[in-house]
Amino acid sequence: MGPNITLRAGISLAVLAMLGGCATTAADTGDTASASDPAVKPPPFDTNPYPSTYRAYPGVPTAITNVTVFDGEGGRIDGGTVVFANGKIVAAGDAATPIPAGATVIDGTGRFVTPGIIDVHSHLGVYPSPGIDSTSDGNEATSPTTPEVWAEHSVWPQDPGFGRAMANGGITALQILPGSANLMGGRTVTLKNVPSRTVQGMKFPGAPYGMKMACGENPKRVYGGKGRMPSTRMGNFAVNRATWARALEYKRKVDAGKEVARDLANETLAGVLAGDILVHNHCYRADEMALVIDMAKEFGYKVTAFHHAVESYKVADLLAKNGVCSAMWADWWGFKLEAYDSVPENIALVQQAGACTIVHSDDANGIQRLNQEAAKALASGRRMGIAISDAEAWTWLSSNPAKALGIEQQTGSLTPGKMADIVLWNGNPFSVYTRPAKVWVDGALLFDASDPARRPVTDFELGQPGEGDVK
Amino acid sequence: MTRIATLAAALLATAVFAPAAQAQDVAITNARLVIGDGSAPIDGGTVVVRGGKVVSAGAGGAPAGMSAIDARGAWVTPGLVAGFSRIGLVEIDAVEGSNDTGATRSPFNAAIDIAPALNPLGSAIAVNRAYGVTRALVYPGSSSGLFRGRGAVVDLGADRDMLTRGGVFQYVEFGERGAGQAGGSRAATFLTFRALLQEARDYARNPAAYDGRSKDSILLRADAEALARVIDGRDLLFVKADRAADILNVVKLKREFAGIRLVLVGAVEGWTVAREIEAAGVPVIAPALNDLPASFEQLAATQSNVGRMEDAGVTVAIGMVDDWDVHMIHYLTQYAGNLVGLERVPGAAGLSWDEAFATISSRPAEIAGMGDVIGSLRPGRVGDVVIWDGDPLELASRPVAVYIDGVAQPLATRQDRLRDRYATPSEGALPKAYDR
């Protein structure tokens with residue numbers, strides 16, 4: 001590590017961490033609707049040229065009984081029943097919950113049901129396995145601002161990491177971001193965690209776009225190392241501000257109905273300024289978060305979430321006041337200076353301050369154990385006297401990330417009518433000894449630990465050593 | 001929780017204010033006692049430490065006249081031993097001046113002994129100690145040659161000397177990284193390896209006559225001396241290899257160089273050739289949970305690797321191989337716990353709890369040739385003892401007391417200070433800088 005740090009993922013975890021982003025978005029948490037003036041003419045081009053082709057796979061009406069439930073919004077039901085049919089949650093209630101005739105009934109005694117875990121920070125597909133030059137597609141590190149690039153154009157659907165994230169981690173949706181070499185890394189994409197031939201077949205229907213931003217060490221190191229701006233943190237801000245100023249000008253022209261040439265970069269930035277595209281901002285240090293919040297006010301956008309927010313605990317009050325989420329690791333620290341002040345109580349302290357709290361991975365291995373990361377953070381908080389229930393902690397894994405991605409109306413909890421994105425765990429998911437037993441996406445059983453036929457195997461792994469093995 | 005809180009308070013009185021660096025004679029009684037050698041926990045057990053060493057551990061009470069700590073049923077284990085780490089060599093990975101893992105611009109390689117780079121005051125030492133890690137195998141990073149240098153076994157005690165034993169092993173990586181270092185191919189790696197060891201043999205036959213300065217020489221004298229220690233087995237040889245074919249070729253080197261004491265590191269595809277590894281009597285230090293084809297030499301990666309090798313009779317320890325090997329070596333407990341959890345996954349091979357704990361205590365110690373010194377609570381081993389507030393492999397558990405060489409250790413960290421300062425983030429009458 002250290003002197004050998006490069007911008008290629010897969011060389012070391014420290015590198016990967018540095019590539020991860022912290023992005024902040026423009027909308028209030030949970031508000032994903034466009035703030036555009038209805039009088040403004042629609043853009044003279046297709047704003048959704050690579051539309052989702054995802055369709056739910058077939059499922060059967062199912063009831064899981066005698067099970068402990070974390071509903072994803074802070075509620076817990078002991079001895080509960082969860083019912084889903086036609087891809088949607090029908091009910092999550094006590095033992096008296098009616099079970100539709102003909103439903104498949106699974107006895108969940110000793111087991112737990114939760115909403116599927118949603119990871120707001122993943123580079124699966126853009127830095128896939130194997131991590132080689134041929135697949136290194138996460139950082140367009142040729143300019144410090146590349147809002148014109150879209151992560152979905154790099155995602156390799158055959159990344160074996162998607163299947164591992166489902167089978168071991170219970171991940172049912174995730175946001176794929178460009179890396180953090182750039183101040184503005186490009187558009188993110190939110191996916192259902194389903195195998196598909198195409199990225200369009202994975203795209204979460206109706207999810208808004210995000211834009212990845214990064215502050216701090218990475219952009220200044222990458223571009224300073226190339227002898228160009230930015231080479232300092234003040235350079236980071238100057239480049240960002242100049243870019244936003246030009247974007248405002250572009251948006252004014254468009255809003256006034258003037259003819260403009262297609263400008264992919266400014267189209268993304270104008271989307272942020274309009275509130276249609278959510279900003280996810282990689283940002284470790286508390287003082288930089290405060291500056292970014294002001295920069296967002298200066299140009300009229302909002303930050304949805306700071307990612308890798310290891311110092312959120314220092315400004316948790318500010319984050320709560322400004323409605324900005326923090327996406328955090330449980331205990332990663334020390335790989336670079338801006339990760340030096342990490343504390344294992346960070347997540348619990350953010351929760352205590354009433355700010356939006358999210359556990360994220362930024363890692364193809366960590367995404368397989370986000371429930372365990374939440375468990376460690378929960379224990380650290382309790383050890384310092386912060387009272388948080390297990391069920392509240394599950395909001396860090398499902399409903400809060402859903403809000404930060406603008407998909408909370410569709411998924412992230414067991415509320416009736418939402419997508420049946422569900423994990424049945426073989427024990428308490430906050431125990432190290434627990435694994436997913438079954439995972440449903442939109443009510444379709446896509447992983448079953450006891451059925452090798454319900455285990456995804458990518459094209460890449462067919463005919464290779466270990467094909468179809470437990471992983 | 002009340003029971004544990006009371007215990008912690010009692011320990012605070014005895015432990016934290018004990019004079020630093022002074023071994024206490026202590027008996028910990030009424031423990032759920034884990035010896036660390038793969039045996040089952042003993043309820044109502046007692047461990048006795050005198051003069052910094054374990055004198056007994058097992059069922060029964062404290063010897064008469066000894067000061068005793070009543071664990072009240074809490075888990076008591078040996079300190080954890082990290083099978084793969086770079087702790088002590090790094091403060092911050094990306095801050096070059098604080099990172100002494102590698103020396104790619106040095107003319108030396110095999111002779112580089114990591115010991116003088118160890119900094120016992122590094123903040124990662126206090127953090128990992130607070131999670132119950134008391135000893136670690138420390139590996140050199142990259143070098144200018146195929147061989148990377150001499151690794152050590154260290155302790156994480158709050159004192160000025162962290163070296164338990166220096167020059168324990170020589171480290172070399174085969175596979176993709178070794179091929180890159182040897183000029184571009186695995187074939188070149190094996191040729192380079194053989195040529196270097198042959199030349200080291202020449203050196204060993206007559207050191208005074210060795211011409212390490214001529215143009216034809218491929219080894220500096222110091223490096224030749226270091227490799228001579230590998231040839232005759234004074235230093236262990238730790239070899240990283242992941243691809244099944246590489247593992248088999250490495251294992252065959254044992255036949256060619258009869259004196260070397262070989263240890264495999266990595267072995268991500270080891271399960272596919274577990275019988276051959278076992279037959280060669282080569283132990284393995286493996287990452288616990290790698291299940292991604294992260295490279296073309298790890299296509300068969302599965303979390304069942306450790307369990308399957310164990311089932312084949314291979315001696316396996318786990319370590320933070322290609323992982324957070326400085327700041328988060330305490331992930332060992334979580335990883336070991338995951339291997340226990342695998343036992344409940346149909347078709348997977350994990351470990352029993354007792355085996356899993358051994359992979360992070362006695363096994364790495366034995367593989368480093370130090371099983372008689374560290375890694376378990378068998379009599380004669382160092383007095384590295386941890387009292388926990390729960391199952392040590394569980395995510396919510398933390399140590400309430402840590403002893404190293406019988407010395408009660410401070411458990412506070414820089415992270416604790418930051419946490420306390422910002423327990424309430426808003427500023428009071430004075431800025432946060434005055435709050436300590």
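D389(B) reaches across to R383(A) in a salt bridge, with the closest N and O atoms 3.1 Å apart; the term stands for a side-chain nitrogen of Lys or Arg within 4 Å of a carboxyl oxygen of Asp or Glu. By that rule, the interface of chain B and chain A holds 4 salt bridges. Keep in mind that this is a predicted model, where local features need pLDDT of at least 70, side-chain atom pairs count only at pLDDT 80 or more, and totals for chains, interfaces and linings use all residues. Residues are numbered from 1 along each chain as its sequence is written, chains are lettered from A and ligands numbered from 1 in the order in which they are written, and side-chain values use heavy atoms, with hydrogens and water left out.

Let's stay with the two chains for a moment. Here 62 residues of chain B are in contact with 64 residues of chain A, contact meaning heavy atoms within 4.5 Å. Together the chains bury about 5400 Å², with 56% of that coming from carbon and sulfur atoms; buried area is the accessible area (1.4 Å probe) that two parts lose on being put together, summed over both. On the chain B side, L292(B), W324(B) and L395(B) give up the most area to chain A, together 13% of what that side buries.

Now look inside chain B. An automatic or database domain assignment splits chain B into domain 1 (2–78 + 391–420) and domain 2 (80–374). Their C-alpha centres are 30 Å apart. Where they meet, 26 residues of domain 1 of chain B touch 26 residues of domain 2 of chain B, and the two domains bury about 2000 Å² between them, 66% of it on carbon and sulfur atoms. In domain 1 of chain B, the residues losing the most area to domain 2 of chain B are L393(B), R398(B) and I404(B), together 29% of what that side buries.

How many salt bridges does the rule find across this domain interface? It finds 1. You can also spot D405(B) and R135(B), whose side chains meet in a salt bridge (2.9 Å, N to O). As for strands (DSSP runs of E, at least two residues, numbered from the N terminus), β5 (75–78) and β15 (399–404) of chain B each supply at least two residues of the domain 1 side that touches domain 2. β15(B) gives the most to that side, with 4 residues.
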